[in-house]
Amino acid sequence: MVRWTFALALGLWLAVFATLRLFIIPPAPVSVLTIYMTLVTVAILLFVMANEARWQGFLAPPRAVFAGRVSRPVQVTVLAGLPILVGFVAHLRLTPTWDAPFEPRVVHPQPPSSFTIQGRRIELAALTNPLRSDPAALDQRIAEGKTIYYRNCFFCHGDALAGDGPFAQVFRPLPANFRDVGTISMLQESFVFWRVATGGPGLPKGATPWHSAMPVWQQFLAEEEIWKAILFIYAGSGSTPRTWEEGTADVNRH
Amino acid sequence: MSTVIERLLMVATLVAFPVAVAAEVSMEPVPPTPVAAKPEAGQKLYRTHCIQCHGPSGAGDGPAADRVYPRPRDFTLALFKIRSTPSGQVPTDHDLFRVISEGLPGTTMPAWKKVLSEEERWQLVHHIKTFDTMGVFADEPAKERIVIGQPPQVTAELVEKGRGIYEAKKCWQCHGRMGRGDGPSAEGMKDDWGHPIRPVNLTKSWRFRGGDRLEDIFRTFTTGLTGTPMPSFADTLPEAADRWALAAFVKSLSRPQRTSQVLRAQRHVGEIPDQPDDPLWEQVEFVDFPLAGQIILEPRWFTPAHDVITARAFYNDRETALLVEWDDGSHDDGGNGPSPLDRVTVQFPLEDPAALDGEKPYFVLGDPKHGVELWEWSGDGRLERRHAHGAERMEPVAVGSLRAQGRYRDGQYRVIFRRSLTGEKGEAGFAPGRFTPMAFHLRDGRHGEEGLKMALSAWSDLLLIPETPWTVHIVPVLLALLTLAGELWLVRRMRRSAPLSV
């Protein structure tokens, strides 16, 4: 067994490398791969060095090569191959790939305390959906919201409210998927209202307002129409707005 | 004697002819519908998922109908495009199920299999048949459908044979010589409802309504597309082998889309080709940039004609050249009376990206804080340059060092923009190694597109690939030599300490 230490160590190292490189999807960044492989190298070396016999067994093949105790072709292959490998890896690492620069983006930015809609100042903290106060009329309001949604929003946010409308693939960031628990169901209606009313240009700098294709809906829709559309995106996607008070969320129906 | 032979021949023909017809397109019985109708469930599903486009009575007049193109199907006349049944017949339940499940590419009809169960989709099949005011589904249900069978192996010979059929059967009269929907008969077509309709661009297989598998293309010209000028070719192309060859040829006209965030411009030694058809352009990497309707600023435009623009770029010591190409079945160069001109616009930030501190101008025509530069080429060959700080603040500026050279051929525009690397006073230059944001606008005059009625892209990046620094070549060689030196040192040392006598 000790005789094969070097081959086993090298084989293990290559196996780990191949696994990390080929079977992680999407591929891990080179920096992460480097950290993993450094750890793997250290771990293998520590294991090999922990036992004197194993260590000698590990050193034997390289020693044999350098001391000339192997056939000439093997010696030449190793002595020539190693520098070529080093040069090749260095070349790969040094050649620039020219991928798009990474642009960090805040997905749910901190909303302002107040904002202006159609010339009126609105405090966000105290804002609730006024249409929820009349449960008897709720179904009718949701139906009206549905009409507004399909005349304005579905082009990006999709027929099934899954953020996959006919134009969705063109825009970065992708339009929000309302069926995803990470979107409207973790947001208060006041936040959603702010995002709809002020659109992409209303975002703070950290949320890359220049990329967002979300229109400034207060230019197209009245305040009440925005609230109706919000009722519909919750009802239509089977989600409920986040609230701070218990028991107010279940006025919403599927 | 001769009359006997004539008569015999006539009888033989009469007998043989129907046999031949029956043998042309083989038919099979329609498989049974696996799920029985539950009218209430069907109606509820329809009202939840379909009514927005197809309307309460199935007439294709829901609230979204006038903002989508092509218009939603009117179910009341029982005319359906995608069928496995002979021309003039209603589709099978399986045909309807397939369309509901897979959607109609190139339209706003989505693939409902993503959200609805099979049971729910079958209920919708039953429900949309209830809108049939003509009673066709009840009186003349589909009994037989065409046998599609296994598609053949696609070979170069098969594609060539298909090309011959495309020529001989005059497919090009509507679909154009290169298949871009620009044939001489393409203009002025209407569907059965009187709405304008254009022949499909065969180079955009991702927009084929019935799908773009070989079997789908085969089915489309075997059965035709009801309600449109696309006829069934079952009679004119009776041999299935011919239809497979044509399908293979049609399929070969499209290439997969290649999208990327970055358009890489290679450095070119010498003069950059002047002509859009210079073969040198074919050697450069191209990127397809998807386009959407401009639905952000008033007037909003929900039904753009274009869905993609392709770009390539080059640069040399003095200038950058950008080649853009896009398909347009109608050539609007100012000679078509009231039609606006076809136009392409390329948009860059006005300021040096490095000076923007991580910000960019708003992707639609910039904003008051950060302006954009627009290069605009029109179908009549005119080139304009503008600066914009939002749609309200646009001013024309001198063309300066910007040049453009464009042409229209076989349903496709190709336009080269060239400009000095440094740019004019007050605007950003291009520098190797720098990512310059870039966006596109396209307008199809025949489709009524002008001003903000246009298709647009998001920001992407133009990158002039810098010359590879010499260190990339030298450092690996040095490292290799260093390794070799280390090895030789080890060899010498080991041979001295452990002589070969072991």
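In the predicted model, residues 10-23 of chain B have a pLDDT under 50 throughout, and zero contacts beyond four places in sequence are found for this stretch. These residues fall in a helix, α1 (residues 2-24) of chain B, whose mean pLDDT of 47 is the lowest among the elements of the chain. Where pLDDT is low, the predicted coordinates should not be read in detail. At the other end of the scale, strand β15 (residues 455-456) of chain B has the highest mean, 98. Chain B as a whole averages a pLDDT of 90, with 94% of its residues scoring at least 70. For the complex, the predictor gives an ipTM of 0.88 and a pTM of 0.86.

Chain A contains eight helices and two strands. Their order from the N terminus is α-α-α-α-β-β-α-α-α-α, which places the two strands between two runs of four helices. The radius of gyration of chain A is 30 Å, whereas a compact globule of 254 residues would have one near 18 Å. Along the principal axes, the C-alpha atoms of chain A occupy a box of roughly 90 × 40 × 35 Å. Buried residues make up 30% of the 254 residues in the chain. Of the contacts in chain A between residues at least 6 apart in sequence, 56% join residues at least 24 apart.

Helix α8 (residues 223-237) of chain A was examined individually. Its end C-alpha atoms are 22 Å apart, which agrees with the 21 Å that 15 residues should span at 1.5 Å a residue. The helix is mostly covered, with twelve of its 15 residues buried. Among them are the aromatic residues A:W227, A:F232 and A:Y234, together with A:K228. A:I226, A:I230, A:L231 and A:I233 are also buried, as are A:A229, A:A235, A:G236 and A:S237. The packing partners of the buried residues of α8(A) are α5 (138-152) and α7 (189-198) of chain A. Just after α8(A), A:G238 adopts a positive phi of about 70°.

The contact between the chains involves 40 residues from chain A and 48 residues from chain B. On the side of chain B that touches chain A, the elements giving two or more residues are β3 (262-267), β5 (292-293), β16 (460-464) and α11 (471-497) of chain B. Helix α11(B) supplies the largest share of this side, 15 residues. By class, the side of chain B that touches chain A comprises 32 nonpolar, nine charged and seven polar residues.

Within chain B, strand β13 (residues 412-420) pairs with strand β7 (residues 319-327) in the antiparallel sense over nine bridges. In this pairing, B:W326 has B:Y413 of β13(B) as its bridge partner. Strand β13(B) also pairs in the antiparallel sense with strand β12 (residues 403-409) of chain B, over seven bridges. Here the bridge partner of B:A404 is B:F417 of β13(B). Strands β12(B) and β13(B) form a hairpin with two residues between the strands, and B:D410 in this hairpin takes a positive phi near 50°. Strand β13(B) is thus paired with both β7(B) and β12(B).

Notes:
Residues numbered from 1 in each chain as written. Chains lettered and ligands numbered in written order. Predicted model: local features only at pLDDT ≥ 70, side-chain atom pairs only at ≥ 80, totals over all residues. pLDDT = per-residue confidence, 0-100. Contact = placed C-beta atoms within 7 Å. Expected span 1.5 Å × (residues − 1). Buried ≥ 20, exposed ≤ 12 C-beta atoms within 10 Å, placed from the backbone. Rg over C-alpha atoms; globule rule 2.2 N^0.38 Å. Nonpolar A, V, L, I, M, F, W, Y, C, P; charged D, E, K, R; others polar. Pairing = 2+ DSSP bridges.
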